[in-house]
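Biologist: Got a minute to walk me through this one? I'd like the overall picture, then the details.

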Amino acid sequence: MLSGVALAAAALSTVAAVLDVARYREWARDLALGLALGAAVSGLAVVLAIEERVWAGERGAQTQLWAAIAAVALAVLGTIRLARRWDVHEPTLERGTSLWSDAWKRLRKNRMAVVSAVVVTLVVLFCTAGPWIAWYVWGYDYRTQDVALGAAPPSSGHLFGTDVLGRDLMVRLMNGGRISLAVGVISTSVSLVIGVTYGALSGYAGGRVDEAMMRFVDILYSLPYMLLVIVLMAISESRSIFLLFAALGAVSWLTMARIVRGQVLSLK
């Protein structure tokens, strides 16, 4: 079901990009771009969740996995097309440069930033596509054991060697990298949505509403960060790792809310 929802959201955003909704309404373009980004993040989370069911041999999981992969691909395509059409210009006005284009030019001039982006891209590809390649090439995943092999040094079949249970260290490193990437992407996305919404509402309302909302943020600042995560996990019946990521994001939006509130007040 989750893969179907992600696929539908990605398809809608891609159709909006292909039809070039930015020519008609700016809010439609912004909505489609937000939908595409949300579909990309949720689709990635769904892919990682379904893959565990594929390794376990669950029936029908393979089809859902390909649907989730298609959702991510469509969402990325829609995001790229919409981002390239971010500026809406009247035909009678002179075409200028936007803040996005200026930032992109500055980024390309920074060689260290470009090199870092390439390295991060390679790490993401290594962690996301690596286990699938290892499965089709060598026929094992991060849970496959060969006790007779034991702790072996690097070889052509195990590039990083194996542990004492004969499990391939490179594939296990890839799987651990997936979890680390998921922590960053999902928790940051949750923090961004909550922080931007809360801060914008607080700054726009102003007065006593703003005062009460910011005092609530101060109260949360005084509580231990990890304690809140433990409480959120304790009151939940689920023990999903993605719920843990969401809990991390749900308690890390405070600084984002303050920054957005300040920007909204300055604009007012």
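Modeller: Sure, one term up front: accessible areas come from the Shrake-Rupley method with a 1.4 Å probe, and for residues only the protein chains shown count as cover. This is a predicted model, where local features need pLDDT of at least 70 and side-chain atom pairs count only at pLDDT 80 or more, while totals for chains, interfaces and linings use all residues. Residues are numbered from 1 along each chain as its sequence is written, and side-chain values use heavy atoms, with hydrogens and water left out.

Biologist: OK, how much accessible surface does the protein chain have, and what share belongs to carbon and sulfur atoms?

Modeller: About 16,800 Å², with 69% of that belonging to carbon and sulfur atoms.

Biologist: And how many helices and strands are there?

Modeller: The protein chain has 10 helices and zero strands. Those are DSSP runs numbered from the N terminus: H or I of at least four residues for helices, E of at least two for strands.

Biologist: What percentage of the residues is buried?

Modeller: Buried residues are 32% of the 268 in the protein chain. Buried means under 20% relative accessible area, exposed means over 50%, and partly exposed is in between (1.4 Å probe, protein chains only).

Biologist: Which residues make up the largest nonpolar core?

Modeller: Eight of them: Tyr-198, Met-213, Met-214, Val-217, Leu-220, Trp-253, Leu-254 and Ala-257. A nonpolar core here is a set of buried Ala, Val, Leu, Ile, Met, Phe, Trp, Tyr and Cys residues joined through side-chain atoms within 4.5 Å. Helices α7 (207-222) and α10 (254-267) each supply at least two residues of this core, and α7 has the largest share, with four.

Biologist: What does Ala-257 touch?

Modeller: Leaving out residues up to four places away in sequence, Ala-257 touches Gly-195, Tyr-198 and Gly-199. Contact means heavy atoms within 4.5 Å. There's also a second, separate core of six residues, including Val-47, Ile-50, Ala-61 and Ala-68.

Biologist: Let's switch to rings. How many aromatic pairs are there?

Modeller: Two. Rings of Phe, Tyr and Trp (its six-membered ring) pair if their centres lie within 6.5 Å; planes under 30 degrees apart are stacked, over 60 edge-to-face, and the rest tilted. Trp-138 and Tyr-140 are stacked, at 6.2 Å centre to centre with 15 degrees between the planes. Tyr-198 and Trp-253 are tilted, at 4.9 Å and 55 degrees.

Biologist: Are Trp-138 and Tyr-140 buried or exposed?

Modeller: Trp-138 counts as partly exposed because its relative accessibility is 33%. Tyr-140 is buried, with a relative accessible area of 9%.

Biologist: And where do Tyr-198 and Trp-253 sit?

Modeller: Tyr-198 lies in helix α6 and Trp-253 in the loop between α9 (241-250) and α10, so the pair ties together parts 55 residues apart in sequence. Both Tyr-198 and Trp-253 are buried.

Biologist: Since you mention α9, which of its residues are buried?

Modeller: Phe-245, Ala-247, Leu-248 and Gly-249. The buried residues of α9 pack against α6 and α8 (225-234).

Biologist: Back outside: which residues make the nonpolar surface patch?

Modeller: Among them are Trp-66, Phe-126, Trp-138, Phe-160 and Leu-169, and the patch is about 1,100 Å². Patches take residues with over 30% relative accessible area and no salt bridge, joining like charges within 9 Å and nonpolar side chains (Val, Leu, Ile, Met, Phe, Trp, Tyr) within 5 Å. A salt bridge is a side-chain nitrogen of Lys or Arg within 4 Å of a carboxyl oxygen of Asp or Glu. Helix α5 gives the most to the nonpolar patch, with five residues.
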